[in-house]
Amino acid sequence: MNEPDRIEPTLDAEAPAGAATAPAPAAESAAGGPQAANEADALSNAQAQVAELQAQNKDLAEKYLRAQADMQNTRRRADEEMSKARKFAVESFAEAMLPVVDSLEAGLAHEGGTPEQIREGAEITLRQLKGALERNKVVVIDPQPGTKFDPHQHQAISVVPGTSQEPNTVVGVLQKGYLIADRVLRPALVTVAAPK
């Protein structure tokens, strides 16, 4: 065989098969351009969102720390106020009692008074004391005979049989009771009519 008759394998022999595939890399690069642009946009959007979320996180962390500090300051102030309230709770009551003490001391310092003067001074002092108690919301429990027995405010000392009163009503008061702001300091000691 001569040289010209010799056929060498070349890429042209596969050209028909490669012709269909040759434009594919160009199509991929053409399609890859918008896809790469979309991926770049998505990446930049994600980075922007991350930056925004980090800023929000930092802002929320600062707000949380401020809220914690405010809460601790409020708790501290409340504790201080409670401490002062406990410490000086009797201040107004003590102020109300001072005139009573003054009256008692003046009565004891006065010598040679008649029994009527002593009694009058004691009655005035007792009125001062009752007024001071009332100003401080201390109220007397003094049920009248025939009042329904109330176990929350009265303490029955004895039961009196054979009375004309309704059963479980107060017959008499042996010792007055006292309330402070609707809370019983001491119940009234009473006698109660027996059930029939």
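**A walk through helices, salt bridges and two sheets**

Let us begin in helix α4, where Glu123 and Arg119 both sit, four residues apart, which is about one turn of the helix. The model you are looking at is a predicted one, and everything below describes that model. Across that turn, Glu123 and Arg119 form a salt bridge, with their closest N and O atoms 3.3 Å apart. How exposed are the two partners? Glu123 has a relative accessible area of 35%, which makes it partly exposed. Arg119, at 57% relative accessibility, counts as exposed; the cut-off for that word is over 50%.

How many salt bridges does the structure hold? There are four, and the one between Glu123 and Arg119 is among them. For two others, please move to helix α2, which covers residues 23–87. Glu62 and Arg66 both belong to this helix and lie four residues apart, or about one turn. Their side chains meet in a salt bridge with an N to O distance of 3.7 Å. Glu62 is partly exposed, with a relative accessible area of 36%, and Arg66 also counts as partly exposed, at 48% relative accessibility.

Further along α2 you will find Arg76 and Glu80, again four residues apart and about one turn of the helix from each other. The closest N and O atoms of this salt bridge are 3.3 Å apart. Here Glu80 is partly exposed, with a relative accessible area of 38%, and Arg76, at 41% relative accessibility, counts as partly exposed as well.

Now let us return to α4 and look at its neighbour. Two packed helices are described by the angle between their axes and the distance between the axes. For helix α3 (residues 91–109) and helix α4 (residues 115–135), the axes come within 9 Å and cross at roughly 180°. The two helices α3 and α4 are therefore roughly antiparallel to each other, since an angle over 145 degrees counts as such.

Which residues make the contact between these helices? On the α3 side they are Phe93, Ala96, Met97, Pro99, Val100, Ser103 and Leu104. These meet Thr125, Gln128, Leu129, Ala132, Leu133 and Arg135 on the α4 side. Taken by character, the residues of this contact divide into nine nonpolar, three polar and one charged.

From the helices we can turn to the strands, starting with an open sheet. It consists of three strands in the order β1-β4-β5, and its pairing is antiparallel. Strands β1 and β5 stand at the edges, each with a single partner strand, so one side of each has no neighbour in the sheet. On average, neighbouring strands of this sheet are turned by 35° against each other, direction ignored.

Strand β4, residues 177–180, is a good place to pause. What lies on its two faces? Gly177 and Leu179 make up the covered face, whereas Tyr178 and Ile180 make up the uncovered one. On one side, β4 pairs with strand β1 (residues 138–141) in the antiparallel sense over four bridges. Ile141 has Gly177 of β4 as its bridge partner, and Val139 has Leu179 of β4 as its partner. β4 also pairs with strand β5 (residues 183–186), in the antiparallel sense over three bridges. In that pairing, Arg186 of β5 is the bridge partner of Tyr178. β4 and β5 form a hairpin with two residues between the strands, and in this hairpin Ala181 takes a positive phi near 50°.

A further open sheet completes our walk. This one has three strands in the order β2-β6-β3, and its pairing is mixed. Which strands are at its edges? They are β2 (154–160) and β3 (170–175), each of which pairs on one side only. Neighbouring strands of this sheet are turned by 30° against each other on average, direction ignored.

Within this sheet, look at β2 and strand β6 (residues 188–193), which pair in the parallel sense over six bridges. As a landmark for this pairing, find Ala156, which stands opposite Val190 in β6.

Key: Residues are numbered from 1 along each chain as its sequence is written. This is a predicted model: local features need pLDDT of at least 70, side-chain atom pairs count only at pLDDT 80 or more; totals for chains, interfaces and linings use all residues. Side-chain values use heavy atoms; hydrogens and water are left out. Axes are lines fitted to C-alpha atoms, for helices over the stretch in contact, and angles run from 0 to 180 degrees between N-to-C directions. Angles under 35 degrees count as roughly parallel, over 145 as roughly antiparallel, 65 to 115 as roughly perpendicular and the rest as oblique. Contact means heavy atoms within 4.5 Å. Ala, Val, Leu, Ile, Met, Phe, Trp, Tyr, Cys and Pro count as nonpolar, Asp, Glu, Lys and Arg as charged, and the others, Gly among them, as polar. Buried means under 20% relative accessible area, exposed over 50%, partly exposed in between (1.4 Å probe, protein chains only). Two strands pair if DSSP finds at least two bridges between them.
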